[in-house]
Amino acid sequence: MAKNLLIVESPAKAKTINKYLGKDFEVLASYGHVRDLVPKEGAVDPEHGFAMRYALIEKNEKHVAAIARAAGKAEAIYLATDLDREGEAISWHISEILRERGLLEGRSVQRVVFSEITPRAIKDAVAKPRALAQDLVDAQQARRALDYLVGFNLSPVLWRKVQRGLSAGRVQSPALRMIVEREEEIEAFKAREYWSLDAQLAHAGVAFTARLSKLKGKKFEQFDVTDAATAHAARAALLAAANGHLVVSEVVSKERKRRAAPPFTTSTLQQEAARKLGFATSRTMRVAQGLYEGVALGIEGNVGLISYMRTDSVSLSAEALGELREVIAREFGAHALPEKPNFYQNKSKNAQEAHEAIRPTSALRTPKSVTAFLNDDQRKLYELIWKRAVASQMIPATLNTVSVDLACGADNAFRASGTTVVDPGFLAVYEEGRDQKSDDDEQGKLPALAAGARVPLADILAEQHFTEPPPRYSEASLVKTLEEYGIGRPSTYASIIQVLLAREYVLLDQRRFRPTDVGRAVGKFLSQHFTQYVDYDFTARLEDELDAIARGEEAWVPLLEKFWAPFKRLVDDKTESVERSEATGAREIGIDAVSGKPVSVRLGRYGPFAQIGRKEDGDTPRYASLRPGQSMHTIALADALELFKLPRVLGDSPQGEAVSVGVGRFGPFVKQGDTYASLGKEDDPYTIDLAQALALVQAKREVAANRVIKDFGNGVQVLNGRYGPYITDGDKNARIPKEREPASLGAEECAKLLATAPFRPKRGAARKNAKATPAKKATAKKAAPTAAQAAPMRNHAASVKKTAARKTVTPQSTPRKATAAKTATTRRAPAKRASPSPSD
């Protein structure tokens, strides 16, 4: 039996490390977090020093049991979870579980950290263990407590005021506010017309273009010419003044150095992978995790290819710098190497300098040498990381920029600029991507020109332009903005984005974030009524205070006390004082000319809808769901009235049955007699004709007719299912033996097969039981729908169910486990009562 037990987070990492440490070590994985706050009210108790109640995470119980068994036989325990705050917290949780079970007595428990999974790094870490860093644990548990308090208290307000099943997050809400505010900027944007005038010059060496810089003796500004008549008059005057050529009045040449970007941090890796590879932040982190934990490299076995991928440091170790310089000298020549290594400084005051930037564990492993062992995503990301790290240690690029002023008569001038690369330096390996083009991107190569030279003029082009609204956020630009504002931390950006997408608060439209109507309602409600808590500066200051706790400069309980009292007062006030119509962004958009009643757009249980009439006026309102792509914030009256043309009668079938089309809770459908058939994605309920509708119904009836292979008249049937034929009695399903022909089965044989078949709850029932939420949530879920919610809404039911299911962050635990966790908590000193959890 191994003397030492080393515990890591992932099984892939355990497999790689196990071969490095030999037979004296057993390496087990915790499979991530091992316990979390119980998903109930009171899991964080503000009345008793913010004491926290934990429970084992159900899916990891067997892994915890394996760790406990091994700990009972080991002489020493090494906690080797990830080197960030979350990893520190997981180590603390594991040690607390083992302590509660009496497995730490007489055993040394030590913490080891490493930033790369290589034999040298692992052995060095084990040789230099340390104690658990309680400051990091406190910072993470304070973060978890804040997230819990915000979520469990703010989400019910959203259920009452906006829509059932919604939730709010401490960090996700400011990010949502950013996206919503950008959408409002775009909608409010008024395009302005302007014209540019460019000279096309026919130089014998290289034809080039110059832009008007001076007109009638004045500097030419963007909005000096704003209409076609003025533009064409200016063009004519310039052509006349030029008389076929422009004269070079000044040539300015400047040489400048451009330094390489630093090696990757988590956020810059996410940004570049989004720009250059089209990777979502979650995809980038998933691929990076695999490269960090280890990839099988033939006879070498599993090897970690990159250093730890959750870091905000731009530092590199001396060993890494030495290897990078060796590779640069070998691959690009000694002239590409600076005299001394390049060093970079973090802009963030909270950057953890003890960590390294993301880099290859060995720069000698070039992308070409490992590509055969990597999948496509791994190859692309490894190459990006390798090139960025190598380029960061190369000489700057030397660029020569030439600006030429060309006179056009006495009072007008054009200017052309061009950039040439004198020495590519680091650009021979890597160039950082940009979200938007800069002036450098537009500059081409210019011919050799001298003052006084006459350059033939081919033409002057007058072009119309319109100013453009600010672009929606891409994943790269959103991560960059979050980082600039200090919202969240590098390790949380991917989860922030995933939560917004999963809750359907935002959609990705051409790789840009567009808020949904639900997302806009949530964002606006929080901005108007919980302004401080979605304020960018407030969120950033809170992150700074959490960082101060991690550095041991502040205590965590006073921070929670300062946050909790005013927050709870505001929640109680807004629960009573805000009207639902205001919270959802309902608005009146005009009057229906036929009925004379007001037309409004609102947000209901299944999404946005239009309404004609008001209950307050004694009307029975009419309802119609908005179509995909329509927004309650931008829809016009005419488009809203079009929605009320459904249900639409298309005519009669050959059998004399009425055929109509409508939209119901589960989407658009065709009805013929008693048969309903859903429309396909390509079908439009507003334009579908009778022939198309009849074809859909016929296909539905044929499927139904072919479904029944045999019916015994007692509820037992042999049916064709999605995965092949099967037997059913309505409660249980039974497989048909492979050797039997389904049509040849008899009633007695079917009864026997059903009797031995396992009982499985109907679809949805098991999930509902497993995801059971506290009584308060269950009650809310069963609340009777409003009239608006009962209206024929579009197919949003599935998404509502998903959202409701997501309200439980961790699986429900048994009372025994929760009680045990609580008891363990109350035995410890106040500063150690709480525990962190996975999400920010």
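**View A: α8 and α14 are roughly antiparallel to each other.** That label goes by angle: under 35 degrees is roughly parallel, over 145 roughly antiparallel, 65 to 115 roughly perpendicular, and the rest oblique. This is a predicted model, with local features needing pLDDT of at least 70 and side-chain atom pairs counting only at pLDDT 80 or more, while totals for chains, interfaces and linings use all residues. Residues are numbered from 1 along each chain as its sequence is written, and side-chain values use heavy atoms, leaving out hydrogens and water. Helix α8 covers residues 266–277 and helix α14 covers residues 475–485; the two pack at about 160 degrees with axes 8 Å apart. Axes here are lines fitted to C-alpha atoms, for helices over the stretch in contact, and angles run from 0 to 180 degrees between N-to-C directions. Helices (H or I, at least four residues) and strands (E, at least two) are DSSP runs, numbered from the N terminus. The crossing of α8 past α14 is left-handed, meaning the near helix is turned anticlockwise from the far one by less than a right angle (clockwise would be right-handed). On the α8 side you'll find S267, Q270, Q271, A274 and R275, which meet E475, A476, V479, K480 and E483 of α14. Contact means heavy atoms within 4.5 Å.

**View B: T281 is a buried residue, at 1% relative accessibility.** The cut-offs: buried is under 20% relative accessible area, exposed is over 50%, and partly exposed is in between (1.4 Å probe, protein chains only). T281 belongs to helix α9, residues 281–293. Neighbours within four places in sequence aside, T281 is in contact with Q270, E475, V479, A494 and I497. Look back at View A for some familiar names: Q270 sits in α8, and E475 and V479 sit in α14.

**View C: strand β9 is largely enclosed by the rest of the structure, because 7 of its 9 residues are buried.** β9 spans residues 193–201. It pairs with β17 (residues 454–466) in the antiparallel sense over 9 bridges, and with β10 (residues 208–215), also antiparallel, over 4 bridges. Strands pair if DSSP finds at least two bridges between them. D198 is a handy landmark: its bridge partner in β17 is L461, and R211 in β10 stands opposite D198 too. A hairpin of 6 residues joins β9 to β10.

**View D: K216 and R511 are two loop residues with positive phi, at about 55 degrees for K216 and about 65 degrees for R511.** Neither K216 nor R511 is a glycine. K216 is in the loop between β10 and β11 (218–219) and counts as exposed at 69% relative accessibility. R511 is in the loop between β18 (506–509) and β19 (512–515), and is exposed as well, at 53%.

**View E: the largest nonpolar core has 91 residues.** A core is a set of buried Ala, Val, Leu, Ile, Met, Phe, Trp, Tyr and Cys residues joined through side-chain atoms within 4.5 Å. V162, V522, F525 and L526 have the most contacts inside this one. Helix α5 (residues 134–161) gives the most to it, with 12 residues. Not counting residues up to four places away in sequence, L526 touches L154, L158, A168, S173, T531 and V534. Apart from this core lies another, of 63 residues, including I122, F279, V327 and A391.

**View F: strands β24-β25-β26-β27, in that order, form an open antiparallel sheet.** β24 and β27 (675–678) are the edge strands, each pairing on one side only. Strand-to-strand twist averages 25 degrees. β24 and β25 (residues 658–664) share 4 bridges, and G651 stands opposite V659 in β25. α21 packs on the sheet, touching β24, β25, β26 (667–672) and β27, and its direction makes about 105 degrees with that of β27. A cis peptide bond joins L646 and P647, with omega about -5 degrees; P647 is in the loop between α20 (637–642) and β24 (648–652).

**View G: β28-β29-β30-β31 is the order of an open sheet of 4 strands, paired antiparallel.** Its edges are β28 (708–711) and β31 (733–734), each pairing on one side only. β30 (residues 724–728) and β31 share 2 bridges, and I727 has A734 in β31 as its bridge partner. α21 (residues 690–707) lies across β28, β29 (717–721) and β30, at about 45 degrees to β28. α22 (residues 747–756) lies across β29, β30 and β31, running at about 85 degrees to β30.
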